[in-house]
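Please open the model in your viewer and keep the sequence panel beside it. The stops below go from one site to the next, each with a selection to make and a note on what is there.

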Number of protein chains: 2
Amino acid sequence: MSENIVQKLRDQIENGIFSGTLPAGKRLDETQLASQFGVSRTPVREALMQLSAIGLIEIRPRRGAIVAEPAPHRVYEMFEVMAELEAMAGAHASRRHTQADRTALLAAHEDCARSAQTADADAYYYANESFHAAIYDASHNGFLQEQCLALHRRLRPYRRLQLRVRNRMENSLAEHDRIVKAILDGSADEAAAALRAHIAVQGDRFSDLIAQIAAGRSGVPA
Amino acid sequence: MSENIVQKLRDQIENGIFSGTLPAGKRLDETQLASQFGVSRTPVREALMQLSAIGLIEIRPRRGAIVAEPAPHRVYEMFEVMAELEAMAGAHASRRHTQADRTALLAAHEDCARSAQTADADAYYYANESFHAAIYDASHNGFLQEQCLALHRRLRPYRRLQLRVRNRMENSLAEHDRIVKAILDGSADEAAAALRAHIAVQGDRFSDLIAQIAAGRSGVPA
DNA sequence: GTCAACATTCTTGTATACAAGAAATCGAAC
DNA sequence: GTTCGATTTCTTGTATACAAGAATGTTGAC
């Protein structure tokens with residue numbers, strides 16, 4: 001029961017950030033959070049520090065914590081790194097996968113296909129997470145797996161926006177197909193290239209989105 | 001002056017870990033550390049949590065913190081990831097470097113050469129850090145730079161052991177030469193390959209070292 | 001003599017009190 | 001009317017007190 005208070009707080013605040021209840025730039029008052037969750041400031045501070053370590057919030061000395069608001073170009077940089085890490089995971093997976101890995105990867109892939117067929121964006125979203133997790137798993141590099149999961153998680157809110165884009169699900173599924181084939185074939189370079197492209201396109205789409213928003217803002221008078 | 005207490009504690013403990021004063025597996029008693037540094041337990045706890053976030057120590061609920069003792073294969077995994085991140089940084093650097101980047105990279109390279117000539121392992125060690133930092137810098141991807149610096153730092157104690165190995169400095173310098181040429185030439189693939197090899201060899205050497213120690217331990221009766 | 005259970009002690013986890021720095025507001029002077 | 005400064009208030013940073021769980025040692029029974 002102990003120490004889970006911090007964990008719980010961390011998750012709650014994190015959810016608040018992902019769900020938009022706590023928008024970027026929002027100030028996080030320790031006292032207020034403490035009374036809101038019915039605990040003292042101590043565990044709140046610890047939770048905030050953990051979130052700060054992940055990069056989700058920013059703690060400015062003596063000036064409190066705010067929800068981090070990474071500049072768009074920073075998010076793009078993160079997608080660049082993510083692409084490379086995924087490519088690496090794919091390359092290793094293609095060389096090291098076991099029979100169990102094959103099974104898991106194919107199962108996740110079929111889940112994605114099902115969700116795409118019914119055009120269920122939410123279901124696709126979760127199936128997609130499992131798909132990528134299966135690749136990390138098959139890389140048989142525990143550290144790489146951790147890094148990928150952490151970054152994947154951190155980019156979640158930016159990826160989520162993108163499934164709305166027209167045909168994104170179909171395209172994504174086609175890309176998955178190429179990835180699966182390469183991994184099961186043991187073609188490390190092809191797997192890496194396919195994954196690199198699969199992720200890079202998300203960074204590009206994110207950039208487009210930002211550009212659109214910027215254009216919309218400056219073009220249309222408020 | 002405030003908040004630096006935590007920073008200071010973090011650095012002190014970190015130094016203790018790197019220097020071996022706090023060996024892996026050592027239990028870190030909050031009360032003891034607090035009285036040792038003349039502060040209360042609160043900032044000590046915060047420092048420990050930060051170190052835990054980096055992965056340098058491990059906090060077991062209700063059972064205190066111990067200096068992390070990553071399994072050798074985990075360290076090897078970390079070198080694998082480091083190799084890929086450095087390769088990525090090198091590739092980007094070769095495409096994006098500015099005149100200032102060239103200058104900085106060459107200066108760091110020459111520093112390394114000087115240290116190697118005088119066979120000054122410590123000096124080489126620091127020059128080498130600057131050399132790699134210059135590459136991260138030239139990648140013009142701030143997030144990648146942060147990730148590289150963090151991992152580089154975390155692998156520091158394992159890298160440090162290796163300069164003692166015969167001819168390691170000369171070989172390292174030759175590898176640096178290849179890397180510099182590739183980056184300044186704008187040959188992204190060659191830069192990536194050179195850096196990947198440069199780091200991978202360290203992982204291999206680490207493995208050899210572990211194997212040697214294991215063999216020595218089981219071979220020679222205590 | 002050994003094993004198990006209970007009690008004691010030690011350490012962590014949480015709450016609260018206190019101190020110090022930052023921000024905001026109010027007032028005065030230009 | 002605006003700007004600069006001081007005071008007050010609010011929030012964070014640190015210390016300490018208290019509670020709860022884990023580890024260890026002792027005692028008793030088999």
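**First stop: an exposed arginine**

Select A:Arg62, which counts as exposed because its relative accessibility is 74% (buried means under 20% relative accessible area, exposed over 50%, partly exposed in between, with a 1.4 Å probe and protein chains only). This is a predicted model, in which local features need pLDDT of at least 70 and side-chain atom pairs count only at pLDDT 80 or more, while totals for chains, interfaces and linings use all residues. Residues are numbered from 1 along each chain as its sequence is written, chains are lettered from A and ligands numbered from 1 in the order in which they are written, and side-chain values use heavy atoms, with hydrogens and water left out.

A:Arg62 lies in the loop between β2 (57-60) and β3 (64-67) of chain A, where helices (H or I, at least four residues) and strands (E, at least two) are DSSP runs numbered from the N terminus. Its phi is positive, near 65°, in a residue that is not glycine. Most residues other than glycine have a negative phi.

Now move to B:Arg62, in the loop between β2 (57-60) and β3 (64-67) of chain B. Here too phi is positive, about 65°, and B:Arg62 counts as exposed because its relative accessibility is 75%.

**Second stop: one chain as a whole**

Show chain A alone, with its 9 helices and 3 strands, which follow the order α-β-α-α-β-β-α-α-α-α-α-α from the N terminus. The C-alpha trace of chain A spans about 55 × 55 × 30 Å along its principal axes, and 43% of its 222 residues count as buried.

**Third stop: the axis**

Bring both chains back. Chain A is superposed on chain B by a rotation of 180° with 0.1 Å of shift along the axis, at an RMSD of 0.1 Å (a least-squares fit on the C-alpha atoms of residues with pLDDT of at least 70 in both copies). That is the relation of a two-fold axis. To find the axis from chain A, select A:Ala53, whose C-alpha is the nearest to it in that chain, at 3.2 Å.

**Fourth stop: the interface**

Which residues of chain A lose the most area to chain B? The area buried between the two chains is about 2400 Å², with carbon and sulfur atoms giving 59% of it; buried area is the accessible area (1.4 Å probe) that two parts lose on being put together, summed over both. On the side of chain A, select A:Met49, A:Val81 and A:Phe143, which lose the most and together make up 25% of what that side buries.

In terms of contacts (heavy atoms within 4.5 Å), 28 residues of chain A meet 28 residues of chain B. The rule finds 6 salt bridges across this interface, a salt bridge being a side-chain nitrogen of Lys or Arg within 4 Å of a carboxyl oxygen of Asp or Glu. To see a salt bridge, select B:Glu46 and A:Arg45, whose side chains meet at 3.0 Å, N to O.

Colour the side of chain A that touches chain B by element: α3 (41-54), α4 (72-96) and α7 (142-160) each supply at least two residues, and the largest share, 10 residues, comes from α4(A).

**Last stop: the end of a helix**

Finish just past α2(B), at B:Gly38, which follows that helix and has a positive phi, near 70°.
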